[in-house]
Amino acid sequence: MANIPQSPTQTSARAALYRAVWRWHFVAGLFVLPFVLILAVTGGIYLFKDEINNTAYHKLRFVAPEGSAQLASQITGAALEAYPGKLVSYAPAPAPDRSAEVDILGADGLKDTIYVNPYTGKVLGHLWDGGAAGSPAMYVVRKLHSLEYVGWFGNRLIEAAAGWLVLLVGSGIYLWWPRGRKLGTWRVKAAKGRPWWRDLHAVTGIYVAFFIVFLAMTGLPWSAVWGGKFYQYAYALGLGMPDGYWSKIPVSKEPVSEAVDRAPWIMEHQPVPLSQSAPGVPQTLDAVVAKVEQLGLVAGYAISMPKGPTGVFTASVYPDDISNERVIHLDQYSGKVLYDAGLADLGTLGRWAEWGISVHMGQEFGLMNQIVLLIACLAMILLSVSGAMMWWKRRPSRALGVPPLPADGRIARGLLVLAVAAGIFFPMVGLSMLVLVAVELAAFAWARRPRIA
């Protein structure tokens, strides 16, 4: 069938739409650029947190196997003797050549991780407790990655940036698409100057588009607004956390995230149950260790101590193979299992979210997972740098250099409809869009104002 030539009106409309999408891609890119750099740099580092921690703190984390390990009570006793305080949690050695870790809350209110040789009971040293990050240095990287140092506002900024990344990929693919011109390319063709940066930007983006969207979407469950709604709808549909957590046993007001260093994301905000037995003599730590190992908890787990007379022992593990992730709550007096949940107990969306988060953190497929995502992080840095260079080389002197507004108002209204749809799915993107739309309308009105001769 012969191609039907397009009318000048159709050609003009497509050109106007192209310019409108380009303008939004440009403005959104400038907005998210600093956040993309933060996410890419800190994310690329955090992918290798275990390797970094093992190298930097090798003398604390590794030991020479010497026969049978001591009991948990002996290991924690040695730690408390060297660093007096309140026992918070105990993590047995995850491998024969690893040390045991004991978290102790000191009189100064700070929690330290004490490293103990499980064979000899020798205290190897201590670090300020970095939680799931494993060290103070990685704790800082993790907080920078989520902008938690800025508080709730930082979380919203990162959520907006993640949503914008998805839209930037979509608009970038639209701008890259050939449409009869030599703009779509799979390799850098230009030799120098702005065209070279443009080709580099386009080629890099088209090769890593899927990975950028994947990282953005699997990071969103941690966000306050989008993540909160995702959890709420997953539970309402029966596809997230099972109902039994609330209906069968009395619970406290403490969430699981405050009881353990790391729990499956879908369980983080669920309340810790209360011990139901009549107060008496608490179970010994040795008995609790024997119990959870009898239940099949895999190596790498940690046990959190009860908080107060109604508290519970909480044993949890979040291994690289998330099919073995698990949280077990035990009555502190009877040792009865109050709740035992693993990946298989979650609904479909809960399991998908857990798998996505595991891949996002570089755990699910070993070293290959880490390398692929590191390449994606480096590509995001390259996209940011190349985008900034394109802008710098095209901007007029003493001006921002934003692409001009399209003259066709229908195009702007059409994009506004798409913006509303995107804003509903990504609420923080929608909020930032309102600001951008207000600026666009003001700029449009300013451009069309009557000129006084």
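Start by selecting helix α8, residues 225-236, in this predicted model, and check its length: at 1.5 Å a residue, the 12 residues should span 16 Å, and the C-alpha atoms at the two ends of α8 are indeed 16 Å apart, so expectation and model agree. Next, colour the buried residues of α8, which are Trp226, Gly227, Phe230, Tyr231 and Ala234. Viewed around the axis, these residues cover an arc of only 130 degrees, which means that they sit on the same side of α8. Before leaving this region, step just past the end of α8 to glycine 238, where phi is positive, at about 75 degrees.

From here, move to the sheet and select strand β1, residues 86-91, together with strand β2, residues 100-105; the two run antiparallel and are joined by five bridges. Two pairs are worth labelling in this part of the sheet: lysine 86 stands opposite leucine 105 of β2, and tyrosine 90 stands opposite valine 102, also in β2.

Keep tyrosine 90 selected, and ask which residue of β7 stands opposite tyrosine 90. To find it, add strand β7, residues 302-304, which pairs with β1 in the antiparallel sense over two bridges; the residue opposite tyrosine 90 in that strand is isoleucine 303. Tyrosine 90 therefore has valine 102 of β2 as one opposite residue and isoleucine 303 of β7 as another. 

Return to β2 and extend the selection to strand β3, residues 111-116, which runs antiparallel to β2 and is joined to it by six bridges. Leucine 105, already labelled as the residue opposite lysine 86, also stands opposite lysine 111 in β3. The connection between β2 and β3 is a hairpin with five residues between the strands, and in its turn you can pick out glycine 109, which has a positive phi of about 85 degrees.

Continue to strand β4, residues 123-128, which pairs with β3 in the antiparallel sense over five bridges. Within this pairing, threonine 113 has leucine 127 of β4 as its bridge partner. A hairpin is formed here as well, with six residues between β3 and β4, and glycine 121 in the turn takes a positive phi of about 80 degrees.

For the next stop, select isoleucine 75, which belongs to helix α4, residues 72-82. Is isoleucine 75 buried or exposed? Its relative accessibility is 1%, and so isoleucine 75 counts as buried. Now draw a distance from isoleucine 75 to tyrosine 115: the two are 40 residues apart in sequence, while their C-alpha atoms lie 9.5 Å apart in space.

Then go to the loop between α5 (136-146) and α6 (152-176), where leucine 147 is placed. The backbone deserves a look at this point, as leucine 147 has a positive phi of about 55 degrees although it is not a glycine. Leucine 147 is also buried, with a relative accessible area of 12%.

The tour ends inside the protein, where the count comes to one cavity of 30 Å³ or more. The largest cavity holds about 60 Å³ of space. To display its lining, select Arg142, Trp222, Arg262, Ala263, Trp265, Glu268, Tyr318, Ile357 and Met361. Coloured by class, this lining shows six nonpolar residues, three charged residues and no polar ones.

Conventions:
Residues numbered from 1 in each chain as written. Predicted model: local features only at pLDDT ≥ 70, side-chain atom pairs only at ≥ 80, totals over all residues. Heavy atoms only, no water. Pairing = 2+ DSSP bridges. Helix = DSSP H or I, 4+ residues; strand = E, 2+ residues; numbered from the N terminus. 1 Å grid on protein atoms, 1.4 Å probe; cavity = no way out; pocket = protein on both sides within 12 Å on 5 of 7 lines; lining within 4 Å. Points joined across faces, edges and corners; volume = space filled by probe spheres on them. Nonpolar A, V, L, I, M, F, W, Y, C, P; charged D, E, K, R; others polar. Expected span 1.5 Å × (residues − 1). Buried < 20%, exposed > 50% of the residue type's maximum accessible area, 1.4 Å probe, protein only. Arc of directions from axis to C-beta.
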